[in-house]
Amino acid sequence: MLVERLSDALGSDAVKASPEDLAAYAFDAYTDGGMPRAVVLPASTRDVSAIVTIARDCGEPIVARGAGTGLCGGAVPIAGGVVLSFARMNRVLEIDEHNRRARVQSGVVNLELSRRVAQSGLFYAPDPSSQQVSTLGGNIATNAGGPHCLAYGTTVNHVLALEVVDANGEVYSTSVDDPGYDLTAALVGSEGTLGIVTSAWLRLLALPESVRVAVAAFDDLDSASEAVSAIVREGILPTALEMMDAVIVRAVEAAFHAGYPTEAAAVLLVENAGLREDVEAAQAAIQTIAMAHGASSWRSAASQSERDGLWAGRKGAAGATGRISPNYYTQDVCVPRSKLPQALRAVEKAARANGITVGNVFHAGDGNLHPLLMYDRRDRRQVGAVVETGNEILKCAVDLGGTISGEHGIGWEKREAMTRVYSTADLAAMARVRDVFDPSRLLNPEKIFPSGARCPEVAPR
Amino acid sequence: MRAAQERLTPASTQALSEALARADAGGEKVHVVGGETLAGMGFPPERADLTLATTGLSGVTANERADSVIAARAGTPISDIAVLLATQKQFIPFDAPLPQYATLGGTLASGWLGPRRHCYGRVRDYLLGSTIVLADGTIARAGGMVVKNVAGYDMSRLYVGSFGTLGVLAQANFKTIPLPPKARLFLAPLPENTRERACSQLAALAIRPAAAFWIDGFHRTVDGDEGPEGRVLALLEGSDAVLERATLALRSALGRAGVPQTKVLDAGAREAFERVLDAYVACLGERSVTYRLYPQVQESPPIASLMQALARRFELRGETIVDVMNGDVVLRVSDLDSHAFGAKIEAFDDALHEAQPRAQVVASKHPHRAYLRVWGASPPAIERMRELKARFDPNRTLNPGCFVGGI
């Protein structure tokens, strides 16, 4: 019934229902999955609206999906139903150079937007490591971050207006310039539980006139993280401040030959971009701080291609881990920046206690940690040890005054952990918003909110 | 409208929660206020049995210099936060008028947008977390004290600009950024034939001014000058080296537009900028209304000229501020006495909204304010906003009728 109605409305080439096709949409980049009953590929907002109406009539949940790079099971159809893929809605609809903004469909790949506007001297700032494949719709759903969010902020700071299909299939629009409640901010980061974003006006920034990238090597992790804390304490705000430990540096060098010092215990990647006078001053100040904290070397990229090489290493770090471990799990927590040294020590301790190898590659300037926990999925002991280590890291981040997700989202994976940072009253306030936008719980159910057992007042009805 | 009978200034979040719970259960309507610097925004409450001022909830509760984050209670004056941060060479671009009276809670609840947002971003972009008290007294926290956080919905940003109709902010947490070491102000007369060219030259500068205005009127408020011509006022912020380069570029841009001598001010540059902010909400007794519009940058100079012409048609005095970098237009219309003004303002309001449906009122003490379209045309998602209000404040306890669409 569901599949027939969808095929009638959108044409059979837009609907997939064979077991093999469905299996391809059962997972995102998280380890757990669920089988949908149908996968649909709309080509327009009107199609999205028709799909929601049909799914609703059939009582089937709807999970919107971009490129499936999410790490928390946010795009996984846990409760079955319809997966709505934005693969065919991938057009840049309008570029308004003068007012530095662009209107895009949700399926446009993040990096594609920056490529398209580069000739106008503009770029789109949020740059998650997945940006070569992840979609802007998915980025909006998770309020995605990336290395440059240190200076430019996360996705929510760059969304100007949204076109949304609601839980009844109705289309409406929001804008940050509209009077009234900031529905745009409420929708960004809501992981597809409040509405399905079909297109967005995004803010673009002018390409900086000057960019400097450098790597500093340290003999131990502690000194590197102390240096980061000192940079923040001095009130210096680089455009990116990334850290990699020895495990990651070696994996990256083996895979990309990015030019990192392989003998180092930790490497800081520092970028300053903007007006040339400011860039030179910030770069020099950071170098001084790094050296004062025991940096064993400081190397500044001399050319654009050297800069690109250093960044390619950083952005490919998680992928390079695949060369040294059959599987890895990426944890994502954020702690106050002055607590970085303690947090890294706690990560190390938790991993060691559980017999797990850990690699750290993360947004140090934001205090946003990404320990990569390496394991072999076929070994039950290792799987259990990774889960345990991940939980201990969450606990430690919360104990240090941090949070359970800095930029990846809650999704299916971390929903039970929400009670670690929020009280029942806090979660009930969020649930009031969901009640308004999706009273019948058809939009990406079983995500974000903890299940009933731990939090009765916000349990799915 | 009925005047509030009682005024409460709770000194703790707990006391605020108890006061709201009591009012909500007793069917009382609550008018929530901060420093009342933006009292001219929004509709007056339909009914107010109780005025609840957050000014008793004052003070910075956390100032983590090493993390560049700060938390303060809702009633804290904006200038207190700014002064403290300045001693640490940090800032948050609140750009609130009358910052010694404006409170943190009021600035957030009003969704105030400052002229420096084009370069530093909106205040909401600095918000990390909040504590809010809902109408029924529930205390709910959102976000936290870390600079990146995607755990659940972004409730804090939803409360920004909600005009106290979803709940009452008790505390807010922010990240801060380095304070630009220097500020320099440029002031020049702007004869009529140079205006549009000067605006487009300023907007196209490679080193963008932190703020730039074309001001027509507002003389006493802005610089005590009574000059008949319009003026341009531009604020540069940054290091010495940047200011040096930017100064040359700015001078030659204004020169190209045909602007005569430019006065440069280093001492008191930020104070002069703040006087422009104060002008946004300055009332001329009960005989003025100030509107604000948000067009795109290139549309704003012609819109400002049209607004002036419209004011003249109604024999009202029109004064304008064009925010050259963001495109905002501020229009203050006034008359010599309150009675004459009252006779014209409603017809003017109709004509203005005919031409610019999104014009909003930001300041007025005239009693007819209640009959003006103070929020402009309702946004497309108004019905969803009504539902949100109903879910958060089902008894319409908080600021009833004050917000968009009579929410």
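## Chain A and its contact with chain B

In this predicted model, chain A has an accessible surface of about 16100 Å², and carbon and sulfur atoms account for 49% of that surface. Of the 461 residues in the chain, 61% count as buried.

The overall form of chain A can be described next. Its C-alpha atoms fill a box of roughly 65 × 55 × 40 Å along the principal axes. A compact globule of 461 residues would have a radius of gyration near 23 Å; chain A has 22 Å, and therefore agrees with that expectation. The secondary structure comprises 16 helices and 20 strands. Among the contacts in chain A with a separation of 6 or more, 71% join residues that lie 24 or more positions apart.

Chain A carries 42 positive and 54 negative charges, and the mean positions of these two sets are 2 Å apart.

Chain A also meets chain B. How many residues of each chain are in contact? Chain A contributes 75 residues and chain B contributes 63. About 5700 Å² is buried between the two chains, with 54% of this area given by carbon and sulfur atoms. Of the area that chain A buries against chain B, 16% is supplied by A:Pro179, A:Tyr181 and A:Arg432, which is more than any other three residues supply.

The following table sets out the two areas together with the share from carbon and sulfur atoms.

| Surface | Area | Carbon and sulfur share |
|---|---|---|
| Accessible surface of chain A | about 16100 Å² | 49% |
| Buried between chain A and chain B | about 5700 Å² | 54% |

Terms used. Residues are numbered from 1 along each chain as its sequence is written. Chains are lettered from A and ligands numbered from 1 in the order in which they are written. This is a predicted model: local features need pLDDT of at least 70, side-chain atom pairs count only at pLDDT 80 or more; totals for chains, interfaces and linings use all residues. Side-chain values use heavy atoms; hydrogens and water are left out. Helices (H or I, at least four residues) and strands (E, at least two) are DSSP runs, numbered from the N terminus. The radius of gyration is taken over C-alpha atoms; the globule rule is 2.2 Å times the number of residues to the power 0.38. Buried means under 20% relative accessible area, exposed over 50%, partly exposed in between (1.4 Å probe, protein chains only). Contact means heavy atoms within 4.5 Å. Accessible areas come from the Shrake-Rupley method with a 1.4 Å probe; for residues, only the protein chains shown count as cover. Lys and Arg count as positive and Asp and Glu as negative; His and the chain ends are not counted. The place of a charge is taken as NZ of Lys, CZ of Arg, CG of Asp or CD of Glu. Buried area is the accessible area (1.4 Å probe) that two parts lose on being put together, summed over both.
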